[in-house]
Every structure is written in C-alpha cells, then in structure tokens.
Amino acid sequence: MAAEIMDGKAVASRVREEVRERVEALAARGVVPGLTVVVVGDHPASAIYVRIKVKECERVGIASRVVHLPADAADDEVLALIDRLNADPRVHGVLVQLPLPDHIDPKPIVDRVHPHKDVDGLHPTNVGWLQAGRPALLACTPQGVMRLLREYDVPILGSHAVVLGRSAIVGRPMSWLLLRSHATVTTCHRHTVDPGHHARQADILISAVGKAGLVTGDWVKPGAVVIDVGITRRADGRIVGDVDFDAARAKARLITPVPGGVGPMTVAMLLTNTCLAAERMLQRSITP
C-alpha cells in the first residue's frame, strides 16, 4: 500500500490559526508583533520567498516590513541597519534574507541580530540554548518538521532517525531536536561512507541535501516515515526534492511531497517565532 502523504499545507493552516489567536491576544494588550526582513541585492529566488513571508504575515496580523539595501552595500551598512532594528521596540523579529552578495560574510551579519529577535533561530546563542535543552527560538524548518511528525502521531522516542545533511539551517538543528525528543539519531554528510546503508535503517528518514533523486526507493526501510526537505528546480521549471517520490512512497508509511510538504511549515514556524518573540518581549517588560 502506498504511503500516506503528509499534508504540510493543511498543518500550516492550523498553525496560522493558532498564531492568529495569539496575535489577537497580544493586540488586546497593546502589542502588534512586528517582523522586519532585511534584503541585500536582488536575488530572484529571495524576492519570491520574501513576498510569501510578507503575505503570510498579513494573513495572521503580524506587521511586516522589508528593508532593501543595494547589492553593493558594505558590511558596515548592513550591520548598522541591524543595530537600529535591534534597538527598535516595534520590531520583535529580524530576518536577514540569505543568500547575501558574495562580498559579504553572512556569519557576522547573522550574529549581529539580537538573540531575542533571531526568528531564524541561527544566532549562536539560540543554537547553544537548543543544544542545552533550554527555551530558544528554533530554526524554522526543523521546527516545522517536528510539528509535522507530531501532527501525524509519529513516535519519536526510541525511534532511529537518520538525517541526511548537516547544514546549520536544517541538518544540525534537526538532529538536535530529534535527540531532545529521545530519538537515536544518525547524521550523514558528504564524507559519510555508504549513506544508503544508514538510510535503510531509519524509522524516520529526513533528507536535507538539495540533490534531486538522492534518496532512491532502495534507501527506504519498509514502513518508514520519509521527510523531504530538499528543493531543486529542474531545467523544465519543475520543483523536486531529494527523494524519488514514487519509489519511496511504495515502501514508506508516511511521506512528504515537494512542494507542499515541509515548505509551508517553514513559513508557518517563522510566524510562530515572531509571535513568540513578541510574547517574550512583553513578558520581560512587565517582569520585576
């Protein structure tokens, strides 16, 4: 029997409704959650992603703003902008849209965002809090994957989870979140010998590599849950994931499609983080 498809759009819709209710509660206390997106240059894909984020903010009542800087902006100019946003009490979340132009090192830019406003969950402080098991703003995509697993009643405790990819944005925080939920986690990367061997042992297989067709049907354990985070645009314009969807679906119990699986959850978790940042800022302001 073919695997059940995990509908990220439907789950994201439920998350948006939860956020909308929290935004209304904040508004009743005089707080409007605010997200500012910093864009440097004119990267075509970034423009699409930013439009989606702004639209989703509008749907739940989050005040969003996009600040554009020219492609030749100096590092100091970007850092100065972030400093101003950090100091602005109307801004609860700051997101630096990646990639940045080649002449800008992204690490100091991302690190300049105050941890309390780091709605991407990439600041070293939030990464450290995640590893320590303390409350933190979590990376959006891994957080969205965890929500999907919960929504579909996937048992994590004691399960063997295999994560393909170790990026700072997805792979590593994904592994840490699974560990925090008491899974046994194997993380595979470009130097892993025979990643297919590890994948075939996974109860939960998560691929976040960005290589179309990487995960073939014979990499999937019968009855496994397969989460495809990868995104690749083919020459014909089609968007596909890392997983050979049809072959994997024939063996898995649950599987995410691309598009329509993890992608909507990533944006939904950005809304969640922005709302959470506003709630925490309000709490800090009234705590003696």
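Leaving aside its neighbours within four places in sequence, which residues is Arg147 in contact with? Hold on to that one for a moment, everyone, while I set the scene.

What you have in front of you is a predicted model, in which local features need pLDDT of at least 70, side-chain atom pairs count only at pLDDT 80 or more, and totals for chains, interfaces and linings use all residues. Residues are numbered from 1 along each chain as its sequence is written, and side-chain values use heavy atoms, with hydrogens and water left out.

Back to Arg147, then. Setting aside neighbours within four places in sequence, Arg147 is in contact with Val11, Val15, Glu18, Met265 and Met269, where contact means heavy atoms within 4.5 Å. Arg147 sits in helix 6; helices here are DSSP runs of H or I with at least four residues, strands are runs of E with at least two, and both are numbered from the N terminus. Arg147 is buried, at a relative accessible area of 13%. For burial, the cut-offs are under 20% relative accessible area for buried, over 50% for exposed, and partly exposed in between, with a 1.4 Å probe and protein chains only.

Now the overall layout. The domain assignment gives domain 1 (31–114) and domain 2 (140–263), with bounds that come from an automatic or database assignment. Their C-alpha centres lie 29 Å apart.

On to the pockets. The search runs on a 1 Å grid over the protein atoms alone: a pocket is an open set of points with protein on both sides within 12 Å along at least five of seven lines, a cavity is a set where a 1.4 Å probe fits but cannot get out, and lining residues have an atom within 4 Å of a point. Points are joined across faces, edges and corners, and a volume is the space filled by probe spheres set on them.

The largest pocket comes out at about 1,600 Å³. Its lining has 50 residues, and Tyr49, Thr141, Ile231, Gly263 and Thr266 lie nearest the centre. Among the elements that give two or more residues to this lining are helix 1 (8–27), helix 6 (140–151) and helix 10 (262–286). Helix 2 gives the most, with 9 residues. Each of the two domains supplies at least three residues. By type, the lining splits into 27 nonpolar, 13 polar and 10 charged; Ala, Val, Leu, Ile, Met, Phe, Trp, Tyr, Cys and Pro count as nonpolar, Asp, Glu, Lys and Arg as charged, and the others, Gly among them, as polar.

The second largest pocket has a volume of about 370 Å³. It is lined by 13 residues, with Lys107, Val110, Asp111, Leu122 and Ala168 nearest its centre. Helix 4 (106–112), helix 5 (124–132) and helix 7 (171–180) are the elements giving two or more residues, and helix 4 has the largest share, 4 residues. This lining holds 10 nonpolar residues, no polar ones and 3 charged. Again, domain 1 and domain 2 each contribute at least three residues.

How many cavities of 30 Å³ or more are there? The count comes to 2. The largest has a volume of about 50 Å³, and its lining includes Val94, Leu95, Val96 and Val110. Strand 4 provides the largest share of that lining, 3 residues. The second largest cavity, also given as about 50 Å³, has Gly121, Ala168, Pro173 and Trp176 among its lining residues. Helix 5 gives the most there, with 3 residues.

Let me finish with helix 7 and the core. In helix 7, Gly171, Pro173, Met174, Ser175, Leu177 and Leu178 are buried. Their cover includes helix 5, helix 6, strand 5 (160–164), strand 6 (184–188) and strand 7 (204–207). Just after the helix comes His182, with a positive phi near 75°.

The largest nonpolar core, meaning a set of buried Ala, Val, Leu, Ile, Met, Phe, Trp, Tyr and Cys residues joined through side-chain atoms within 4.5 Å, has 52 residues, and Leu149, Leu178 and Ile227 have the most contacts inside it. Helix 10 gives the most to this core, with 9 residues. Beyond four places in sequence, the contacts of Leu178 include Met146, Leu149, Val163 and Ile206. A second, separate core of 17 residues includes Val67, Ile82, Ile104 and Val113. Thanks, everyone!
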